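Work through the exercises below with the model open beside you. Try each task before reading its solution.

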Amino acid sequence: MSRIGIAVLVLIFAGTAFMIGFLAYNFQMVTYPIPTHNKAEILTTTSIATSNVSPTKVSAKDMLPFDSSNKTVFLNLVALSTGNPYNFNGTSNGQLHIYIPAGWTVIATFTNQEGQIHNLLIVQNTTAIPGDDVGQDGTIKLYVGATSSTYLYDGISGGASASGSVALSPGIYWFCCGFEGHAAAGMWGVIVVSSSVTTPYYTIS
Ligand SMILES: [Cu+2]
């Protein structure tokens with residue numbers, strides 16, 4: 001076989017191997033952003049008071065993806081199509097707690113695998129639990145898949161993804177769906193930003 005023929009075969013083989021690796025990587029990133037709720041991950045910490053934030057509870061399976069070189073945490077939230085339709089990663093009603101070091105930036109990616117339209121907001125809440133309009137429960141810090149004028153009725157359809165980023169000051173927030181009534185139906189969790197957190201992690205209660 002000629003050298004050119006061999007070179008072409010090598011290029012085809014290398015290109016195919018690269019594409020398989022690329023597809024496998026993306027499949028993993030989209031399909032397994034955070035493990036969904038299962039009993040093995042239930043921890044005893046349920047308080048959201050910042051004074052109770054304990055970095056000693058970090059274990060490898062509870063870590064969030066992050067890049068410490070630029071203080072960025074990747075929050076991959078998915079509305080799953082199974083169970084409660086008003087869920088993030090299979091959790092509802094504040095079960096999922098995200099802990100982020102003060103001064104870090106959150107890059108949030110929201111994927112909707114559910115049948116209804118949803119969006120993702122981060123709200124600095126002033127009430128204990130969300131009402132029908134989370135804009136009445138505090139200050140909205142991030143809109144993903146909607147805007148400040150559309151979040152009550154707009155979002156992304158099933159199969160779509162959207163993302164956004166925000167730097168949050170120390171405090172307690174909700175991540176929630178802003179579509180009217182969805183957070184009140186359970187589609188919310190808690191973000192704690194604190195200087196007592198050194199590495200991003202999460203717990204599910
Ligand atoms: Cu929703």
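## Exercise 1: the four-stranded sheet

Start with the sheet itself: an open sheet of 4 strands has the order E1-E2-E4-E7, with mixed pairing. Its edge strands are E1 (66–67) and E7 (161–167), and each pairs on one side only. Strands (E, at least two residues) and helices (H or I, at least four) are DSSP runs, numbered from the N terminus. Two strands pair if DSSP finds at least two bridges between them. This is a predicted model; local features need pLDDT of at least 70, side-chain atom pairs count only at pLDDT 80 or more, and totals for chains, interfaces and linings use all residues. Residues are numbered from 1 along each chain as its sequence is written.

**Task.** State how E2 is joined to E1 and to E4, and trace the bridge partners of threonine 72.

**Solution.**
- Step 1. E1 and E2 run antiparallel, joined by 2 bridges.
- Step 2. Their hairpin has 4 residues between the strands, and lysine 71 there takes a positive phi near 50°.
- Step 3. E2 (residues 72–79) and E4 (residues 105–112) run parallel, with 8 bridges.
- Step 4. Threonine 72 in E2 stands opposite aspartate 67. Threonine 72 also stands opposite threonine 105 in E4.
- Step 5. Further along, leucine 75 has alanine 108 of E4 as its bridge partner.

## Exercise 2: the six-stranded sheet

**Task.** Give the strand order of the sheet with 6 strands, and find its edges.

**Solution.**
- Step 1. The sheet is open, its order is E6-E5-E8-E9-E3-E10, and its pairing is mixed.
- Step 2. The edges are E6 (138–144) and E10 (201–204), each pairing on one side only.
- Step 3. On average, neighbouring strands here are turned by 25° against each other, direction ignored. The axes behind this angle are lines fitted to C-alpha atoms, and angles run from 0 to 180 degrees between N-to-C directions.
- Step 4. Take one pair: E5 (residues 120–125) and E8 (residues 171–176) are antiparallel over 3 bridges. In that pair, valine 123 stands opposite tryptophan 174 in E8.

## Exercise 3: the core

**Task.** Which residues have the most contacts inside the largest nonpolar core, and which strands supply at least two residues of this core?

**Solution.**
- Step 1. Fix the terms. A residue is buried if 20 or more other C-beta atoms lie within 10 Å of its own, exposed if 12 or fewer, and partly exposed in between, with C-beta atoms placed from the backbone. A nonpolar core joins buried Ala, Val, Leu, Ile, Met, Phe, Trp, Tyr and Cys residues through C-beta atoms within 7 Å.
- Step 2. The largest such core has 42 residues, and Ile100, Phe175, Cys176 and Ile191 have the most contacts inside it.
- Step 3. E2, E3 (96–101), E4, E5, E6, E8, E9 (188–194) and E10 each supply at least two residues.
- Step 4. Leaving out residues up to four places away in sequence, cysteine 176 touches Leu121, Val123, Pro130, Val134, Ala183, Met187 and Trp188. Contact here requires C-beta atoms, placed from the backbone, within 7 Å.

## Exercise 4: burial, residue by residue

**Task.** Are asparagine 89, asparagine 93 and histidine 182 buried or partly exposed?

**Solution.**
- Step 1. Asparagine 89 lies in the loop between E2 and E3. It counts as buried because it has 21 C-beta neighbours inside 10 Å. Its phi is near 55°, positive in a residue other than glycine.
- Step 2. Asparagine 93 lies in the loop between E2 and E3. It has 18 other C-beta atoms within 10 Å, so it is partly exposed. Its phi is positive, about 55°.
- Step 3. Histidine 182 sits in the loop between E8 and E9. It is buried because 24 other C-beta atoms lie within 10 Å. Beyond neighbours within four places in sequence, histidine 182 contacts Tyr86, His118, Cys177 and Met187.

## Exercise 5: confidence

**Task.** Where is the pLDDT below 50?

**Solution.**
- Step 1. The chain averages a pLDDT (the predictor's confidence in each residue, from 0 to 100) of 83, and 77% of the residues score at least 70.
- Step 2. The pLDDT is below 50 over residues 29–61, a stretch with 47 contacts in the model beyond near neighbours in sequence.
- Step 3. Where pLDDT is low, predicted coordinates should not be read in detail.

Definitions and conventions: Two residues are in contact if their C-beta atoms, placed from the backbone, lie within 7 Å.
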